[in-house]
Amino acid sequence: MRVLLICSVGTMVLGMKTTVPVRFEEHLVGGGYTYSFGIAAADLDADGDVDITSADALPNNDLYWYENDGQGRFRRRFVQRDDPERLERHAIGDVDGDGRPDIVIVKNLVGDLLWFQNPGAFQKDTLWKRYVITGRTIPGAYDVALADYDGDGDLDVAASTWRLSNNFVWFENDGSPERGEWKMRIVEDGLKETRMLRAADMDGDGDPDLVGTARESPLVVWYENRGQPAETGWAKHVIDNQSPQPIHGQIVDIDRDGDPDVLMCFGMGFSGHPRFEQVTWLENDGTPGDGLWKKHMIHRGFNGAFEAVAADVDGDRDLDVVATAWNGDGQVVWYENSGDPRGTWVQHVLKDKWRRANQVLAVDLNQDGKPDVVAGAERGSNEVRWWKNLGAAPR
């Protein structure tokens with residue numbers, strides 16, 4: 001069933017009045033989950049459109065991929081069945097260098113990190129071949145970030161480990177990823193509840209650095225890659241250690257000044273006060289290693305703020321923000337950029353009363369050039385939905 005949402009309805013004005021009513025059409029990607037936590041998107045079958053992957057843990061313990069017909073109609077297929085103890089967040093990249101995107105995924109409680117090899121030829125009910133990067137070594141395995149950290153031409157894997165291990169680690173791909181477990185190295189340990197982990201070149205030196213959050217520390221941090229992290233380690237730079245409960249966000253140049261900023265949600269409903277439940281962006285002023293970054297507020301008081309991503313939702317050539325609320329009734333919203341990201345933003349509701357909304361993506365699913373929205377919601381909703389961006393209403 002499809003529901004047409006006009007985003008000028010249910011709009012919260014955060015200092016100004018909206019003038020761009022963008023319409024969205026809601027679609028169910030998949031329901032009947034037992035624990036929906038973790039989605040990603042890529043063209044898995046090389047047919048020119050973007051497919052969706054989705055994890056379904058406890059007790060289903062499955063990993064799905066949804067085949068896109070090019071217009072945003074999806075057919076569910078299986079990557080893996082019955083792989084117990086929390087298949088969750090994951091990332092997509094070519095792990096084995098064969099030109100096809102593979103999937104790297106955590107198994108949270110047991111502490112595994114796995115990768116599934118894209119078979120290329122997709123036959124009915126064919127599961128993807130499963131490989132172990134590490135087994136039972138990182139309890140609480142939570143998030144992953146893929147990049148060539150050591151500059152040897154293949155994708156390595158970094159991971160956060162939630163509150164059961166409280167560290168950031170990375171695993172070196174030696175060029176033969178199918179042959180046994182990978183060597184693990186510590187980025188930093190002794191952090192309280194590591195959550196988000198993302199790879200990006202924060203200092204413009206051409207190699208991928210790491211950006212992470214530790215919810216209970218609290219800490220938003222980036223680790224400088226000095227060229228050979230296996231030998232030299234990582235240099236730590238604190239972005240924010242003043243804001244309670246940093247959770248998830250994105251590394252993106254919000255102010256379009258040529259360097260990556262950090263879009264971030266704080267709270268998840270754990271902060272203890274509405275003023276600390278926030279959607280923000282942290283400004284990289286071009287000297288990312290010199291002290292704390294300036295924080296700019298998008299929305300103060302967004303209860304349950306979980307994850308935020310950026311895209312030009314309304315087609316006006318600046319970056320808007322899409323965010324989810326995990327706590328309370330649960331929501332998916334987007335924030336309209338007024339043209340000055342340091343100024344005021346307007347909140348539009350895409351989905352209300354959607355409990356435990358968590359991961360969110362902004363990606364063009366129907367090949368019309370406009371960013372659509374995909375999100376998952378765990379217990380209380382247990383499904384994945386997408387919102388087709390129809391653009392502005394006719395005048």
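1. Start with P218. You'll find P218 in the loop that runs between β17 (209-214) and β18 (219-225). Keep in mind as you look that this is a predicted model. Now check the bond leading into this proline: the peptide bond from S217 to P218 is cis, and its omega is near -20°.

2. Next, go back along the chain to P59. This proline sits in a loop too, the one between β5 (51-56) and β6 (62-68). Which residue is joined to P59 by a cis peptide bond? The partner is L58, and omega for that bond is about 0°.

3. Now for some backbone angles. R136 has a positive phi, near 60°, and R136 is a residue other than glycine. Look for R136 in the loop between β11 (129-134) and β12 (143-147). Is R136 buried or exposed? Its relative accessibility is 64%, and the cut-off for exposed is over 50%, so R136 counts as exposed.

4. N166 is worth a look as well. N166 isn't a glycine, yet its phi is positive, at about 60°. Where does N166 sit? It's in the loop between α1 (162-165) and β14 (167-172), so you can find the spot by tracing from the helix towards the strand. The relative accessible area of N166 is 21%, which means that N166 is partly exposed.

5. A quick recap for your own notes: the cis bonds to find are L58 to P59 and S217 to P218. The positive phi values to check are those of R136 and N166.

Note on methods:
Residues numbered from 1 in each chain as written. Predicted model: local features only at pLDDT ≥ 70, side-chain atom pairs only at ≥ 80, totals over all residues. Heavy atoms only, no water. Helix = DSSP H or I, 4+ residues; strand = E, 2+ residues; numbered from the N terminus. Buried < 20%, exposed > 50% of the residue type's maximum accessible area, 1.4 Å probe, protein only.
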